[in-house]
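Q: Please pick one part of this structure and take a close look at it. Start with the terms, then work outwards from that part.

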Amino acid sequence: MSHKHSRSSSSHDVTLREGPPPWLSSALADIARIADLPPGWDGYGSPQLSVQEREQATQLLASMTYSDLPAPNIVPVSGGGIQIEWQHCGRELELEIVVGAQEIIFLQVCEDGTTEEGSYSIADVNQTRALLDWLLVG
Amino acid sequence: MDDAPIRRVDDTTIPDSAGLWRRIPPSWIVLDKETGEWRLSSVAFIDRRGELSVELASLTTMEQSLARYPEHRLTEVQAIVFRERGYGVIPDPLPDNPAHALVSGKITKTHAREIARAAIWVILRRPSA
């Protein structure tokens, strides 16, 4: 059952519906497709997605409980890792799971084109939630 | 002991206007949700192993570049696009690919996004729906 809660942004109140996003199954299928890419899939000798990376990406997506969250693009990274990227209302968010580092590197692109990037532990679900909040409400 | 990778020096004999080609596997072409158009993901210019492999366009052909990768696309970025962001361009010829070169320095996500948007398609095949 989904339920609602309100979060305030600087300019207005926004309601985010909680519940599994409708795109979750197709996103998990995208991860499975990427995991099936052979070694050297990029033409530059990159390894296959590891079992650990696949599991981390799956867990990250499964932890996203906003049904309002738009469908992401999911892409493999040369040298290892996987990136999940969104666009919403002129904002962009990239979350890259870095191979072997237990780390996420993020990029935020604001409506005016300014960017902010950084990294945090993959275990820090609050940071992931804060970034998704930003994507949805600014 | 410092384990930091050696930062190789930019080869200034490669002109700023030199075209650098990078092969693009289908999985790096994404649907832009706001424009509805296919575009290049920023990951096309990130390699977590360090330096980014490219080819000097003047030393190869589209056919040679894609000979072993029939599903891949090809993009071109001018050397100055990397240099303006602090990266170097270094020839790195390989036995089977004399056009091979490297972009030195760890490309940030912001820069990778900018470079992806500056890239020009040399060969674009849209992903099948």
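A: A residue is called buried if 20 or more other C-beta atoms lie within 10 Å of its own, exposed if 12 or fewer do, and partly exposed in between, with the C-beta atoms placed from the backbone. The model is a predicted one, in which local features need pLDDT of at least 70 and side-chain atom pairs count only at pLDDT 80 or more, while totals for chains, interfaces and linings use all residues. Residues are numbered from 1 along each chain as its sequence is written, and chains are lettered from A, and ligands numbered from 1, in the order in which they are written.

The part chosen here is strand 5 of chain A and its surroundings. Helices (H or I, at least four residues) and strands (E, at least two) are DSSP runs numbered from the N terminus. By that count chain A has three helices and seven strands, and along the sequence they follow the pattern β-β-α-α-β-β-β-β-β-α. Of the 138 residues in chain A, 30% are buried. In strand 5 of chain A, six of the eight residues are buried, so this strand is largely enclosed by the rest of the structure.

Next come the partners of the strand. Two strands are said to pair if DSSP finds at least two bridges between them. Strand 4 and strand 5 of chain A run antiparallel and are joined by seven bridges. One of the residues involved is Trp86(A), whose bridge partner in strand 5 of chain A is Leu93(A). On the other pairing, seven bridges join strand 5 to strand 6 of chain A, and these strands also run antiparallel. Here Glu92(A) stands opposite Val109(A) of strand 6.

Both pairings are hairpins, and their turns can be taken one at a time. Between strand 4 and strand 5 of chain A there are two residues. Cys89(A) lies in this loop, and its phi is near 50 degrees, which is a positive value in a residue other than glycine. Is Cys89(A) buried or exposed? With 11 other C-beta atoms within 10 Å, Cys89(A) is exposed.

The hairpin of strand 5 and strand 6 of chain A has four residues between the strands, and Gly100(A) there takes a positive phi near 70 degrees. Gln102(A) is also placed in the loop between strand 5 and strand 6. For Gln102(A), phi is near 55 degrees, again positive in a residue other than glycine. Gln102(A) is exposed, having 11 other C-beta atoms within 10 Å.

Now the view can be widened to the sheet. Five strands of chain A form an open sheet in the order 3-4-5-6-7, with antiparallel pairing. Strand 3 and strand 7 of chain A stand at the edges with a single partner strand each, so one side of each has no neighbour in the sheet. From one strand to the next the twist averages 20 degrees; for such angles, axes are lines fitted to C-alpha atoms, for helices over the stretch in contact, and the angles run from 0 to 180 degrees between N-to-C directions. Strand 3 pairs with strand 4 of chain A in the antiparallel sense over four bridges, and Val75(A) stands opposite Gln83(A) in strand 4.

A helix from chain B packs on this sheet: helix 3 (residues 109-118) of chain B touches strand 5, strand 6 and strand 7 of chain A, and its direction makes about 55 degrees with that of strand 6. Two residues are in contact if their C-beta atoms, placed from the backbone, lie within 7 Å. By this measure, 24 residues of chain A are in contact with 22 residues of chain B. The elements of chain A that give two or more residues to this side are strand 3 (73-76), strand 4 (82-88), strand 5 (91-98), strand 6 (103-109) and strand 7 (115-121). The residues on the chain A side divide into 11 nonpolar, nine polar and four charged. Here Ala, Val, Leu, Ile, Met, Phe, Trp, Tyr, Cys and Pro count as nonpolar, Asp, Glu, Lys and Arg as charged, and the others, Gly among them, as polar.

One residue of chain B gives a further example of contact between the chains. Asp47(B) is found in the loop between strand 3 (38-40) and strand 4 (52-56) of chain B. Asp47(B) is buried, with 23 C-beta neighbours inside 10 Å. Neighbours within four places in sequence aside, Asp47(B) is in contact with Tyr44(A), Ser78(A), Gly79(A) and Leu52(B).
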